[in-house]
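Thank you all for coming; I would like to take a few minutes to walk through a structure that is new to most of us. Please have a look at the sequence and the model first, and then we will go through some parts of it together.

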Amino acid sequence: MSDATEGMDPAVKQTSAELATGVDTDTILQTDGLTKRFGGLTAIDDVDFGVEAGELRCLIGPNGAGKSTLLNLITGALSPSEGAVYFKGHEITGLDPHERIRHGLSIKFQVPSVYEDLTVRENVRLPIQRLASGTERDERMADALAASGLADKADIEASALSHGEQQQLEIGMAASLDPDLLLLDEPVAGLSVDEREEIADRITQLNEERSIAFVVIEHDTDFVADIADHITVLHQGETFREGSIEEIEADPEVQRIYLGGETDA
Amino acid sequence: MAVGLDLLVQFFPNFASIVLAATGLAIIFGIMGIINLAHGEFIMVGAFSTSLAYNGGIPFLPIDALPGLGRLIGAMLFAALVTALFGLLVERTIISGAIPNWIAERTVGHPVITPLYDRLLDSMVATWGLSLIMVQTFRNVFGNSLSGVPIPFGKLSYGNSSIGLYQVLLAGVAALVLVGLYLLFVRTDYGMRARATIQNESMAQSLGVNTERTYMATFALGSGLAGLTGALYAPLLSIEPGLGAAFLVDAFVAVVVGGSSVVVGTLLSGGLLGIVDTLFSNVYGTFAGRIALLIVAIVLIRFIPEGLSSLVERLRERRLEVD
């Protein structure tokens, strides 16, 4: 484990046994010694990553740091070489992706992944149809459309939406699953300033009003500063630093590895 | 006038034969990315099951107590169900490898089979092998042929000609199958899951869709439709182990010409290929009809490689842009 973990939140240092028995109900997600190797390359190296309920965490790091790999290990899209993932006190390492979703984990991918051939309404129906039927389904679909800010475009095909609107729709779809934790992989990549503000508003609104915890991977430091409670810096597959935006921005080592700045060290 | 009526009446059985042969294959190809070269043998399972059920009865289901037509319909539905269950077994063993992998994980400690989803060439080799095994197994178990099934409804006379009413009615069944599939894919929860899984499997999983179960249901549905086709054609065929080969050619050509959309593609290709087959068979004979059908398919694939349904899609997109 990297030295940076010495300054970590005490909850992060809980043992897997404590988490499995649900001793600390504040920690919603915990990875324990998570490692992923692709042949000779270790993309994620013995990472202990914890997120508390209702927290808005940003995960940053230079390209190739292992951010997306870590998210894929959490969602089950990839299987770890070693280590375990705990969610709400239960080990989910062996579960299929759709089973993890049903435990309250949700993800929005880096590339906008709405169903372009389906209408906006059909897109929001897909996650909701498993959870509700009849009138309740209609109500939840209406809520999801409103939460996406796309109620007036419900009956057009998702392919006709702008890039920013597709991002909004995807966040709305992920949120309609009523998750406890929502993982967002670069939600504002390629968006205009206005669209970034719109996405930031949606994320903070969902976080505050529905107490959804977030892990957001993002390169845009202004966006990160706007939304994050807490930041984790990943470097070469390891947890490099954790702290507030001020602490991370002031850290010369982070400047060196992530921002490319000069340091006195 | 008489020639026109003659062509129209002969078009119905040709349309029915192409559409019914193709739907099961189209569903499995369109949703799972698998070309099932054992599709003809799944049709054979349907025909054999119909013959066995009609002539020998079904344990615990006294269909032989029903009047003639009821007994036939009961046998046909039973055959479709048997083929769907057989398809489910094939999906779990050969296509997904779930059962062999379950055993392997408990013996050698790791899975041994990678699922055939979206592996076109691999799926063709695997299912071709399955078709060879099925034909020879059926020949060994049941012999070279089984007792036939009577053709219901008698003849339909028009002008100086006549045709089996049952063959004409099959076109109605084919249309009903297409309407049913349209409603299934557009109106039901399963249809939403299937359409989502086709477009982006990992996205569907991230929205809580059990894509493995969707694949299982899809393969069983496609197999059941193949079984229904075999059942519907059991009265018209000699029930022997090689009967699936002719269906596979029609089905394969129709799916390639139709494109990725199961309902629209199959409807268009069934209609067009049915017209070509009818015209050329009527004027130059059955052999010329088959040659013409294949030539039209080759020309269409050359100029519209994504199939007829892609034309409809392009027209729709253009209309949306204009709006």
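In which sense, and over how many bridges, do strand E7 and strand E8 of chain A pair? Bearing in mind that this is a predicted model, we find that E7(A), residues 105–108, and E8(A) pair in the parallel sense, over four bridges, and that within this pairing Ile107(A) has Leu183(A) as its bridge partner.

E8(A) also pairs with strand E9 of chain A, residues 213–217, again in the parallel sense and over five bridges, with Leu184(A) facing Val216(A) as its bridge partner. To get from E8(A) to E9(A), the chain passes through helix H7 of chain A, residues 193–210, and this β-α-β crossover is right-handed.

Let me stay with E8(A) for a moment, and ask how its residues are placed. Leu181(A), Leu183(A) and Asp185(A) point one way from the strand, while Leu182(A) and Leu184(A) point the other way, and all are buried. Because five of the five residues of this strand, 181–185, are buried, E8(A) is largely enclosed by the rest of the structure.

Finally, I turn to where the two chains meet, where 15 residues of chain B are in contact with 20 residues of chain A. On the chain B side, the elements giving two or more residues are helix H7, 189–199, and helix H8, 201–206, of chain B, and H7(B) gives the most, with five residues. By class, that side of chain B has five nonpolar, eight polar and two charged residues.

Methods: Residues are numbered from 1 along each chain as its sequence is written. Chains are lettered from A and ligands numbered from 1 in the order in which they are written. This is a predicted model: local features need pLDDT of at least 70, side-chain atom pairs count only at pLDDT 80 or more; totals for chains, interfaces and linings use all residues. A residue is buried if 20 or more other C-beta atoms lie within 10 Å of its own, exposed if 12 or fewer, and partly exposed in between; C-beta atoms are placed from the backbone. Two strands pair if DSSP finds at least two bridges between them. A crossover is right-handed if, with the strands pointing away from the viewer, the path from the first strand over the helix to the second runs clockwise. Two residues are in contact if their C-beta atoms, placed from the backbone, lie within 7 Å. Ala, Val, Leu, Ile, Met, Phe, Trp, Tyr, Cys and Pro count as nonpolar, Asp, Glu, Lys and Arg as charged, and the others, Gly among them, as polar.
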